[in-house]
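Colleague: I'm new to reading protein models, and I'd like a close look at one single part of this one. Could you walk me through it slowly and then show me how it sits in the rest of the chain?

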Amino acid sequence: MTKKQRAEIVQNELEKLYPTTPVPLDHTDPYTLMVAVALSAQTTDKKVNQVTPHLFEVAGTPQRMAKLEEFEIKELIKEIGLSNTKAKNLKRMAELLLERHDGIVPQTYEELEALPGVGHKTASVVMSQAFGFPAFPVDTHIHRLMTQWKLTSGKNVVETEKDAKAIFPEETWNKLHLQIIFYGREYSPARGKGEKDFLTKMMFEK
């Protein structure tokens, strides 16, 4: 079976499983999405969704976030890993949005990645899910599954993103990256043994 055939199997099966792909992080606009994604680093989406309702109630705009002290932000997100660093980043992110962009989330990778706490993956999620630009955000879970399915030989998420964009049609990227995440959680969790991972079996077991 060729890599192209494996990619088609992945795409077709995931479309059957997950015809709709709601963003797993609760948000109401591009700013709250960016904050939620920044908070999700090394933390589960479930934990982020438990913390953000109150955070956004208090500081759901850059204007309100910037007025808080770091220790106040930390108190609001203390249940999330790396809360010290994330609190510092959220305050400075809000300040820079106000200073550089009139409080509006920019729509370019360069401007997004210049904000504290916003790496390429976070910028990609915002570009794809908030603004509809074709993007293929790759996290460690997508990297793991793409490697497992032999759709990449990339040694890191950057190389895997490049391979994913080369093998999957651009119009599928925004949806497909979420479908792969959903599949991984349900059928092939990182700490599981992959017994339910029928896609790998379908492609590699005779």
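Modeller: Happy to! Let's start from one residue, Glu161, which lies in helix α10. Please keep in mind that this is a predicted model. Is Glu161 buried or exposed? Its relative accessible area is 9%, and because anything under 20% counts as buried, Glu161 is buried. Which residues does Glu161 touch, once those up to four places away in sequence are set aside? They are His120, Phe136 and Val138.

One of these partners leads us to another helix. His120 is where helix α8 begins, as α8 covers residues 120-130. Thr122 belongs to α8 too, and with 7% relative accessibility Thr122 counts as buried. Apart from neighbours within four places in sequence, Thr122 is in contact with Met34, Val37, Ala38 and Gly117. Not every pair of residues meets, of course: Thr122 and Ile77 are 45 residues apart along the chain, and 18 Å separates their C-alpha atoms.

Now back to α10, which spans residues 157-167. Helix α9, residues 140-148, has four residues to look at here: Ile142, His143, Leu145 and Met146 are its buried ones. Here is a handy rule: an α-helix has 3.6 residues a turn, so residues three or four places apart point the same way. Try that rule on the buried residues of α9, which include Ile142 and Leu145. What do the buried residues of α9 pack against? They pack against α10 and also against α11, residues 173-187.

The ends of α9 are worth a look as well. At the N-terminal end, Asp139 acts as a cap, with a side-chain oxygen 3.1 Å from the backbone nitrogen of His141. After α9 comes Lys150, which has a positive phi, near 55°.

Two more buried residues show how other parts of the chain meet. Thr43 sits in the loop that joins α2 (30-39) and α3 (45-59). Its relative accessibility is 16%, so Thr43 still counts as buried. Beyond its neighbours within four places in sequence, Thr43 is in contact with Val48, Ile80, Gly81 and Lys86. The other residue is Ile73, in helix α5 (residues 70-76). Ile73 has 0% relative accessibility and therefore counts as buried. With neighbours within four places left out, its contacts are Met65, Leu68, Ala87, Leu90 and Lys91. Take Ala87: 14 residues separate it from Ile73 in sequence, yet their C-alpha atoms are 5.4 Å apart in space.

Finally, let's step back to the whole chain. The protein chain holds 12 helices and zero strands. Of its 206 residues, 47% count as buried. Among contacts with a separation of 6 or more, 59% are between residues 24 or more positions apart. The radius of gyration is 18 Å, which agrees with the value near 17 Å expected for a compact globule of 206 residues. Along the principal axes, the C-alpha atoms fill a box of roughly 60 × 30 × 30 Å. The chain exposes about 10,800 Å², with carbon and sulfur atoms supplying 52% of that area. As for charge, there are 28 positive and 28 negative side chains, and the centres of these two sets lie 7 Å apart.

Terms used
Residues are numbered from 1 along each chain as its sequence is written. This is a predicted model: local features need pLDDT of at least 70, side-chain atom pairs count only at pLDDT 80 or more; totals for chains, interfaces and linings use all residues. Side-chain values use heavy atoms; hydrogens and water are left out. Helices (H or I, at least four residues) and strands (E, at least two) are DSSP runs, numbered from the N terminus. The radius of gyration is taken over C-alpha atoms; the globule rule is 2.2 Å times the number of residues to the power 0.38. Buried means under 20% relative accessible area, exposed over 50%, partly exposed in between (1.4 Å probe, protein chains only). Contact means heavy atoms within 4.5 Å. Accessible areas come from the Shrake-Rupley method with a 1.4 Å probe; for residues, only the protein chains shown count as cover. Lys and Arg count as positive and Asp and Glu as negative; His and the chain ends are not counted. The place of a charge is taken as NZ of Lys, CZ of Arg, CG of Asp or CD of Glu. A polar contact is a pair of N or O atoms within 3.5 Å; within protein, one must be able to donate a hydrogen and the other to accept it, and residues adjacent in sequence count only if both atoms are side-chain atoms.
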